[in-house]
Amino acid sequence: MIKALFPKISRRFLRVWQRNLTVYKKTWKVSFLPPLMEPFLFIVAFGIGLSAIVEDLTYRGIKVSYIDFIIPALLGTTIMYNAFFETSFASFVRMRYQKTFDAMMATPLNLEEIITGEIAWSATKSFIAATLMIVGVGILGLIDNLSILLVPLLALLGGFAFGATGMFFTSIVPNIETFNLPMFLFITPMFLFSGTFFPLETLPQWAQGIALALPLTHLVRLTRAATLGIYHLSLLGSLAYLLLYSLFFYPLALKKMQKRLIK
Amino acid sequence: MTPIVEAKNLKKTFGAFTAVEDVSFHIVKGECFGLLGPNGAGKTTTIRMLYGYTPLTSGALKLFGEDLEPNLRKLKYRIGVCQQENNLDPDLTVLENLQVFARYFDIPKSEARTRIDRLLEFFALNNRSKALFTDLSGGMRRRLVLARSLINNPDLLILDEPTSALDPQTRQQVWSRLLELKKEGLTILLTTHYMEEAYRLCDRLLIMDQGKVLVEGKPGELIDRYVGREVLEIDSPDQKLRDFLISQGYMFDDLGTRLMIYNHNCRELFDAIEKVFDHKNCMLRMGTLEDVFLKLTGRDLRE
């Protein structure tokens, strides 16, 4: 089915993925620290600091401590940031300044494979970051439910969705500074208002409606289900949303990149 | 014999702008073919069409006897491209840069290692294999890009201004390497605006300007045809000298403070001028490809 939808893409996109892995391996000692350290920072600041003034809250009828409530949010936002950053700023640098795509175009790779490799890599970065973060959460002794181990899988799906989004912006921004717009208008509001640090239900009805249209809301619903072990049918809706969202932005990113680079 | 490259009536337009118009040429096996032209002549666009980066607006392009577009992937395994910019991976070492590229061509690891060692040796980079791209000099970077373009043992090597921005020593070194490759039978297509480079390396060349072909031929023949063996340059000529030249029926290019005389028995004229006018600002020299180039493309500055 994938072959029929995207006839130009062969497994060669893995070569592009592999190139990014090679570079990552050179810098892993630095790259792996932030996702591992972040839970400590957030959990100290929000969990311990805010817990003193924030009481336990009720999520889907179950009492949850504030720390347990925000751990899945941290996982979800990490997945979002890692993938989005990779295909926006990082891909743009490779495309514009390092001319990496140009060099690849002179090999058997085609543009669709290059872009697919980049997005696949961004999902991998989300996967790595989420996994490291779970290790950090584990070190802090805050794992409630073993189904937290499903989060890396969600990171692949969420990472792909946000990676495709980042690539879409890369295909249209005139310069690297312009990424501040989607960051400020799209990513940061999502970080704050997607049921991340307070339950969606506290928002007015209209704002809830907007939040439900945003991908991070659905990703955090899924990560929260996994970390708390609370399952409900609407999760299928969230899964379907992320899939459809990816199926919209991925081909769009391919098309826009084609338009940008092939002249 | 099937030509390695067969380009027929290539045309490329970007909106209302025509970058390449009606360009045709062919390259046979083992030949070094040059595309010459001032900035903006359409050289890079032409070669980008050759490796499938830029789709043709119209025209036909065959590589190794096969139509390019339907066989692009297969054909790309057989060409090596050295682009204008040193688009190497700055995060990777010399060795890793080549290894990553070898993977794009599905070259097995051990085979890649053998080829890389040979290429590093050939381009005198074997002591720098662990160096980061950022630690390399401009000349080394260029040699690395060249090495990279040969990683797949190409049957056709495409070079876009291979020696621009290099110092004379490095340029000479690159030339000697390219000549060696040529001797081994490699087919090369290069663009350049260094006439000396074209003269030394190219068996045949094509001069283009504003997207169109002006002339095509062997460097020596083009010099004979357009400027002659010898060229006479006269610096700050006075009116008397101008009148003399006109009265004798000499044709010259008037650059204001300098006259250029081509296609005549310049030696005889040189003697005559020296004798009659005692003119010390006369210079008799060999005709060069640069004369041909400037004569055909004009002396106006190109932005």
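In chain B of this predicted model, a good place to start is strand 3, which pairs with strand 8 (residues 187-192) in the parallel sense over five bridges. To find this pairing on screen, look for B:Cys32, whose bridge partner in strand 8 of chain B is B:Ile188. Strand 3 of chain B is also joined by four bridges to strand 9 (residues 204-209) of chain B, and these two run parallel as well. Here B:Leu36 is a handy marker, standing opposite B:Ile207 in strand 9 of chain B.

How many of the five residues of strand 3 of chain B are buried? Five of the five are, so strand 3 (residues 32-36) is largely enclosed by the rest of the structure. In a regular strand, side chains alternate between the two faces of the sheet. Both faces are covered in strand 3 of chain B: B:Cys32, B:Gly34 and B:Leu36 are buried on one side, and B:Phe33 and B:Leu35 are buried on the other.

Let us step back to chain B as a whole. Chain B has 11 helices and 14 strands, and its C-alpha atoms fill a box of roughly 75 × 45 × 35 Å along the principal axes. Of the 303 residues in chain B, 51% are buried. Among contacts in chain B with a separation of 6 or more, 69% come from residues 24 or more positions apart. The chain exposes about 13,900 Å², with carbon and sulfur atoms supplying 48% of that area. Chain B carries 42 positive and 44 negative charges, and the mean positions of the two sets are 5 Å apart.

Now turn to the start of chain B, where four strands form an open sheet in the order 2-1-4-5, with antiparallel pairing. Strand 2 (17-27) and strand 5 (66-67) of chain B are at the edges with a single partner strand each, so one side of each has no neighbour in the sheet. Strand 1 (residues 5-14) of chain B pairs with strand 2 of chain B over seven bridges, in the antiparallel sense. B:Phe14 has B:Phe17, in strand 2 of chain B, as its bridge partner. Helix 1 (residues 43-50) of chain B packs on this sheet, touching strand 1, strand 2 and strand 4 (58-63) of chain B, and its direction makes about 120° with that of strand 1.

Another open sheet of four strands in chain B has the order 12-13-11-14, again with antiparallel pairing. Its edges are strand 12 (253-254) and strand 14 (282-286) of chain B; each has a single partner strand, so one side of each is left without a neighbour in the sheet. Strand 11 (residues 230-235) of chain B runs antiparallel to strand 14 of chain B, and five bridges join them. One pair to look for is B:Glu230, which stands opposite B:Met286 in strand 14 of chain B.

Which helices of chain B pack on this sheet? Helix 9 (residues 239-247) touches strand 11, strand 12 and strand 13 (258-261) of chain B, and its direction makes about 20° with that of strand 13. Helix 10 (residues 266-277) touches strand 11, strand 13 and strand 14 of chain B, with its direction at about 30° to that of strand 11.

Finally, a stop in chain A: A:Ser246 is found in helix 11 (residues 234-261) of chain A. Is A:Ser246 buried or exposed? A:Ser246 counts as buried because its relative accessibility is 6%. Leaving aside residues up to four places away in sequence, A:Ser246 touches A:Leu157, A:Phe160, A:Ala161 and A:Pro251.

Terms used:
Residues numbered from 1 in each chain as written. Chains lettered and ligands numbered in written order. Predicted model: local features only at pLDDT ≥ 70, side-chain atom pairs only at ≥ 80, totals over all residues. Heavy atoms only, no water. Pairing = 2+ DSSP bridges. Contact = heavy atoms within 4.5 Å. Axes fitted to C-alpha atoms, helices over the stretch in contact; angles between N-to-C directions. Buried < 20%, exposed > 50% of the residue type's maximum accessible area, 1.4 Å probe, protein only. Areas by Shrake-Rupley, 256 points an atom, 1.4 Å probe, with all protein chains shown as cover. Lys, Arg positive; Asp, Glu negative; His and termini not counted. Charge placed at Lys NZ, Arg CZ, Asp CG, Glu CD.
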